[in-house]
Amino acid sequence: MASLRCFLRSGKNAVSAVLRREFHRTSPAAVQVTVRDALNQAMDEELERDERVFLLGEEVAQYDGAYKISRGLWKKYGDKRIIDTPITEMGFAGIAVGAAMAGLRPICEFMTFNFSMQAIDQVINSAAKTYYMSAGLQPVPIVFRGPNGASAGVAAQHSQCFAAWYSHCPGLKVVSPWSAEDAKGLLKSAIRDDNPVVFLENELMYGVPFEMSEEAQSKDFIIPIGKAKIERQGNHVTLVSHSRMVSLCLDAAAVLAKEGIECEVINMRTIRPLDAEAIETSIMKTNHLITVEGGWPQFGVGAEILGRIMEGPAFNYLDAPAVRVTGVDIPMPYAKILEDNSIPQIKDIIFSVKKTLNV
Amino acid sequence: MRKMLTIISNVLRGSASRNGARVVVSARTYADFTPQATFDIKKCDLHKLEEGPPLQAMLSREEGLQYYRTMQTMRRMELKADQLYKQKIIRGFCHLYDGQEACAVGIEAGINLSDHLITAYRAHAYTLTRGGTVREIMAELTGRRGGIAKGKGGSMHMYTKNFYGGNGIVGAQVPLGAGVALACKYLGKNELCVCLYGDGAANQGQIFETYNMASLWKLPCIFICENNKYGMGTSVERAAASTDYYKRGDFIPGLRVDGMDILCVREATKFAAEHCRSGKGPILMELQTYRYHGHSMSDPGVSYRTREEIQEVRSKSDPISMLKDRMLSNNMASVEELKEIDVEVRKEIEDAAQFATTDPEPPLDDLCNHIFYNNPPMEVRGTNPWTKLKSVS
């Protein structure tokens, strides 16, 4: 039986391989762009477009960015607009917020969001709440960006996911791109937004190339904040994810497809405001929900989604309890075998899908 | 009939005395008052500065009357707030500024309205000097829709143009102020930012981070430490290893100023502003001042200091009395004139308090507004899943 399944699988592979050879995978005008380059382009274009936009953070200027996201920008725009800061997060985040209050449009880079904890008071109390406290007198057009979540071998203090922490707070928008197009379109939107936006990147995604359509290459290409995207259509189960985990969901979906299970993969793109409607619409089709995230389970992104689904119209469409696939509830260990088993793997998603579908 | 006669006679009597006073005042205005005088002011202690502000200050009659009026307005406004708080019409936090009036008025006299200012939570007086009205300030304290922040901010979160509050987190306003200064430099409009904090906040790490960056980048920022001797209930000797707050900026030049003398504060501010505007970078001023009230309305203010101490400052160094004495002894104003200002101020405060107690509270459909700026209307979850509230920018 297993060998038959194996044969069928390879046969299907052969067919699709042939098909692949017939059609171009990339349309003529599309190019392959890494997430890193997409972010760089977004910042470059917005710096050019609006004089009030500037970037500050550790090593963003002369070092070209700790992760090279701001490569070339200092050479092009100079000291006034690309500012290297000392290693003083609370201070420079506060300075960035003050600059935003006084009419500029800063991009404040945290080398990783782990360091943003030192500055979190400025993000929440000075940035997020001010427009409300002033009853509309004082907007704060600022973007806080940087890599978030687990990386590779950087251990507990450098691996935390802050999506849930920031998404908890009214007054903030929280964005978590996956692909290069996401990165570019959403960062441009974030910079143009007149409100504080927390922009959660992922270090492991920086080097990953994606096809970028001709449309996405345009200087005016933006992706609206607050709208999820269906990356893969399916009928049997809805997988909701953000950032790097979207890749894992798609990989899991590809494996499951061979067994006849079609997953609908939703890329959240924005965590706050959450596009509950997109998720609900999908559940009404598939009747099953699994959320997938890299962060810890308690009070996390998945917990919020499940709560909303319970409270909303989609609950009646569920044929099984909605579940979450999350990072393990521990500080991130260092040893590779331990680290690998601390975050969701493709097999965990597949396992959860089959449990949910009872197959 | 008797009632009518009484009313009529009162009116006539009233207008007669008013006329009398007016006649007296107008006669004296033209001929008798000194239009301007020069006063000796205390020398400021200097840190990393070759020279400091001048040792003499000129005061014109108009300036003097205006400073007097503003300080008196502040004083009466804060005392009225005290009253309203005790009547439970103001709730939550209420940090009063009486005693420190010379700082707020003196600083504003040394800068322009086009400059920027940010302070901590003892902010009612600055809201006034930065363009707010007594009415909107008091209505904000009582949480009404006519408040300067529509009732949504309260005592610690009042804003006007070029005034960034009103900040509740101790010390957080200092990096913000440097950020405003960065914007000033970036936009090249020759404006500066006055960034205030207290002796308690002066020990905060983020302030030292800010000193570093402001100095590195030569930001046009005047850091001002309002040293009123107590951080809540902790005296400066018990909180700071070095109480020379004007030196704590280390590489930033500093001056220690008599914060009870409005002319001293004004001259020091002018000096500091000149320093910033000439591109030399930040400068630090320590204003030695005193608050009569406790830290906030929930603090009687006598468990960590003596009543004698408070009384001594009131009798020897009150900023309003000092200005009044100066003007009277130099024939720059009359007793009656100043009394008239007092009466007018009292009336203004009464009217404002009346407004603040009768204006309705904000409407419930304002609850979820002002989350985002320039955003399409959105839904906000209420306390339960069925309650969906509307939010507009």
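This passage looks at one helix of chain B and at the enclosed spaces in a predicted model. Residues are numbered from 1 along each chain as its sequence is written, and chains are lettered from A in the order in which they are written. Local features need pLDDT of at least 70, and totals for linings use all residues, while side-chain values use heavy atoms, with hydrogens and water left out.

Helix α12 of chain B (helices being DSSP runs of H or I, at least four residues, numbered from the N terminus) covers residues 335-358. Its 24 residues should span 34 Å at 1.5 Å a residue (taken times one less than the number of residues), and the end C-alpha atoms, 34 Å apart, agree with this. Among the residues of α12(B) that are buried (under 20% relative accessible area, 1.4 Å probe, protein chains only) are B:L338, B:I341, B:V345, B:I349 and B:F355, along with B:E337 and B:D342. The cover over the buried residues includes α2 (61-86), α5 (134-141) and α11 (319-329) of chain B.

Turning to enclosed space, the structure holds 4 cavities of 30 Å³ or more; a cavity is a set of points on a 1 Å grid over the protein atoms alone where a 1.4 Å probe fits but cannot get out, and lining residues have an atom within 4 Å of a point. Volume here is the space filled by probe spheres set on the points, which are joined across faces, edges and corners. The largest cavity has about 60 Å³ of space, and its lining includes A:W178, A:E201, A:N202 and A:Y206. The second largest cavity has about 40 Å³, with B:F372, B:N375 and B:M378 among its lining residues.

Conventions:
Predicted model: local features only at pLDDT ≥ 70, side-chain atom pairs only at ≥ 80, totals over all residues. Helix = DSSP H or I, 4+ residues; strand = E, 2+ residues; numbered from the N terminus. Buried < 20%, exposed > 50% of the residue type's maximum accessible area, 1.4 Å probe, protein only. Contact = heavy atoms within 4.5 Å. 1 Å grid on protein atoms, 1.4 Å probe; cavity = no way out; pocket = protein on both sides within 12 Å on 5 of 7 lines; lining within 4 Å.
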